[in-house]
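Good morning, and thank you for joining. I would like to take you through one structure, moving from helix packing to the relation between chains.

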Number of protein chains: 4
Amino acid sequence: MNISLPRRVVAEFLGTAFLVATVIGSGVMADRLANGNVALALLANTLATGAILVALILAFGQISGAHLNPVVTLMDALEKGLPWTETPYYVLAQVLGGMSGAVIAHLMFSLPAISLSHHARSAPPQVFSEFVATFGLVCVIWGCSRLRCNAVAFGVGAYITAAYWFTASTSFANPAVTIARCVSDTFAGIRPVDVPWFVFAQFLGGFAATMIFRWLMPSLQVRAKEVLLSHDLE
Amino acid sequence: MNISLPRRVVAEFLGTAFLVATVIGSGVMADRLANGNVALALLANTLATGAILVALILAFGQISGAHLNPVVTLMDALEKGLPWTETPYYVLAQVLGGMSGAVIAHLMFSLPAISLSHHARSAPPQVFSEFVATFGLVCVIWGCSRLRCNAVAFGVGAYITAAYWFTASTSFANPAVTIARCVSDTFAGIRPVDVPWFVFAQFLGGFAATMIFRWLMPSLQVRAKEVLLSHDLE
Amino acid sequence: MNISLPRRVVAEFLGTAFLVATVIGSGVMADRLANGNVALALLANTLATGAILVALILAFGQISGAHLNPVVTLMDALEKGLPWTETPYYVLAQVLGGMSGAVIAHLMFSLPAISLSHHARSAPPQVFSEFVATFGLVCVIWGCSRLRCNAVAFGVGAYITAAYWFTASTSFANPAVTIARCVSDTFAGIRPVDVPWFVFAQFLGGFAATMIFRWLMPSLQVRAKEVLLSHDLE
Amino acid sequence: MNISLPRRVVAEFLGTAFLVATVIGSGVMADRLANGNVALALLANTLATGAILVALILAFGQISGAHLNPVVTLMDALEKGLPWTETPYYVLAQVLGGMSGAVIAHLMFSLPAISLSHHARSAPPQVFSEFVATFGLVCVIWGCSRLRCNAVAFGVGAYITAAYWFTASTSFANPAVTIARCVSDTFAGIRPVDVPWFVFAQFLGGFAATMIFRWLMPSLQVRAKEVLLSHDLE
């Protein structure tokens, strides 16, 4: 591990900030321009989110692994990728980065820096959707980790592009993003009271995927290290 | 073949489940949000399906070959890729995976777990479209199998993105997906009575493409093995 | 050159047929579903065309170079890539393939096999647009020919996606496609009388780009061979 | 540095011309076809811009580094990539290329060659947005510069696709493009009076990103050379 922890933590902070700024900012822009056409707004929101994931994982993958997601960080630690002692720093950076990204998005669009969301997302099918969404996300990450040519960046970007549409919750699939979205009373928001169930379902989905891939790919624990420091280096 | 059959069969099951969950789930979401604008709904459905194919083939390609399609499995066996004895397990996993994906999509969107489709797709031009669609799909798979850098994932994802629009049937091109879509009375559904013709045309198209590529690429049978266990490993 | 001419010619035929079937077929589908919203129809037409180019160049690039375009074939011959003696076979295959693709698209959508277009595209700015469009296309092809990882497929697919929107002619940029589109009285059609100017501007644009790249990349003639038989082989 | 300065300067001119022609041309086309649906128009504008960046960076990256952006050129010089003495030629080529691209777009769409924009973009949140947009762009460029497989092309294309939506200014992030857009009284235009603040914020954002990456990636100055002449050569 030849990149120091502070550098990696700052990379996680920056990456998650841009991810959340994109999710929320593109939601606001799309909502404003779409004149109530929700399908069109979600299409723009999807395109922006999928694209920024490709860009961010390409950009920060070589520094911190570009987890940008506490579920990914914990599953990577579980598979002996990231040392457990470094996990809290990663998660804290992701949560604070996400909050900062929300604030930055709000400032760009002349909104209050922070405002609690009133967007209810509490129905059981939505919680179930978060389980499915995160299960699939972690499957894609573990599956792509065997490949070269920046497969994780394209795999994750493509997966989330699809998951925005095939899940009833528009696939948050990320506790740091979920927490950040609860302080945004916009298109992408979620009521604080609905956050715990989403986060719980996300960890459960990620854990189930990791257990299945432990069996599917016996070499997973060897690969896990490479998720942290990506294997695309020449 | 260093990955055990049960592992590969589970990968086919999971991959086809996510493929069908995306096709049906994104169809429901798009249909609900698009307010009757079918072009917009199909655009979202297309984006989600093309993207999930990229993600799934990147993720499961190294495990099972990520056929996710009985036509591909049979053509691969025909070219001496997958052993014939393993073919039934692959096909069964794909069909059951597809059905499970339909059920999961329905549960996420609070619909009955299973409901027979009333969406008629019986016109001869649609059956002809399935022949063309699957012919093209298998051409793309055989053609890309010579390339590195995960070309099959991008080739197939891009092809299906186009085929949703250039065929009159929106390009099912996959018997497992076709069967799963007949138990979904939604945007993506197909009446059970129309399934046999679709499936017949799909196999015919795949077979024609394989015969042409046998001549176009004399090394095809060597490559066929690599479709099963992809050649992108470092 | 270890792939026989007949094989390469058939690959050009098949590839151009699928390209034109996509351009015309997706135009018909988009036109039918978009209820007069031309921006939405063109968006779907663009997505399908850009995507099929990625798929076809990945699939047929290793066989024939996947020119799918008489301008590319002639410029490749000019730079001593394809032997001049083989050029007529390539061009003929492209033109016949394009016509076949038009017929196939019409049959899939229950239209007359052939019908002359009434879509006027004769304004000088449109002809100028074809010059610009093909100039850019050939720049992208020569520029990408130095790269690995299937850069030509992604470069061309991305370029045409953009060119559909930034040119006033929606960027035909291909004589074989232009001829095929004049026998299609649909969204993608062009009046036969307007074809000669389009084709003339296309060749002029391709020639100008080739001359500039001859100076920009002194090694161009070495690379030209690799455009024919792509250099992505392992 | 084995490609002569004049060649590299011409590549920067051509690349920036096509970039601006796309930004403005697709804006005009989208605006004309979208019937006042701004979300749909911006979606088309976004798709075209993101796609042309992929194509242009793939095509011109091997010749000049495909900066196409004075901020990138200056930051590359700051990190000892491009020699300072060559910087003015690059910047001049980018600005003149951008202006030429604007003129070409106008001619293709039968508009006056040049017309000053009346599109006000002066609100502080928009200026702040330009800081954020360019900060992110330069982060992505430095981050991707460690990767193979044309990561910069895909990273930048994906980033700008997202940034059109997550910033309140639709992410110009490029002084040459900003100047060119002020002589275009169209969808993509910007009032001349608003240009200085945009350009100032862009340089500031690029500088901040470079300072952070100097610390994040201690090998940055080694990499900077490779941004100029890309490292994807076989």
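At what angle do helix α1 and helix α4 of chain C pack, and how far apart are their axes? This is a predicted model, and in it α1, residues 5–33, and α4, residues 87–108, pack at an angle of about 35 degrees. Their axes lie 6 Å apart. The crossing of α1(C) with α4(C) is right-handed. Sorted by class, the contact between these helices has 19 nonpolar, eight polar and one charged residues.

Let me turn to a helix in chain B. Helix α8 of chain B covers residues 195–216, which is 22 residues. From its first C-alpha to its last, α8(B) reaches 31 Å, close to the 32 Å expected at 1.5 Å a residue. Several residues of α8(B) are buried, among them B:Phe198, B:Val199, B:Gly205, B:Gly206, B:Phe213 and B:Leu216.

I come now to chains C and D. Their contact takes 33 residues from chain C and 40 residues from chain D. On the chain C side, α2 (38–64), α5 (124–144) and α6 (151–166) each supply at least two residues. That side of chain C has 23 nonpolar, eight polar and two charged residues.

How are the two copies related in space? A turn of 90 degrees, with a shift of 0.0 Å along the axis, lays chain C on chain D with an RMSD of 0.0 Å. The two copies are therefore related as by a four-fold rotation axis. Finally, only 9% of the interface residues of chain C are also interface residues in chain D, so the copies meet through different surfaces.

Note on methods: Residues are numbered from 1 along each chain as its sequence is written. Chains are lettered from A and ligands numbered from 1 in the order in which they are written. This is a predicted model: local features need pLDDT of at least 70, side-chain atom pairs count only at pLDDT 80 or more; totals for chains, interfaces and linings use all residues. Two residues are in contact if their C-beta atoms, placed from the backbone, lie within 7 Å. Helices (H or I, at least four residues) and strands (E, at least two) are DSSP runs, numbered from the N terminus. Ala, Val, Leu, Ile, Met, Phe, Trp, Tyr, Cys and Pro count as nonpolar, Asp, Glu, Lys and Arg as charged, and the others, Gly among them, as polar. Copies are superposed by least squares on the C-alpha atoms of residues with pLDDT of at least 70 in both. Axes are lines fitted to C-alpha atoms, for helices over the stretch in contact, and angles run from 0 to 180 degrees between N-to-C directions. A crossing is left-handed if the near helix is turned anticlockwise from the far one by less than a right angle, and right-handed if clockwise. The expected span of a helix is 1.5 Å times one less than its number of residues. A residue is buried if 20 or more other C-beta atoms lie within 10 Å of its own, exposed if 12 or fewer, and partly exposed in between; C-beta atoms are placed from the backbone.
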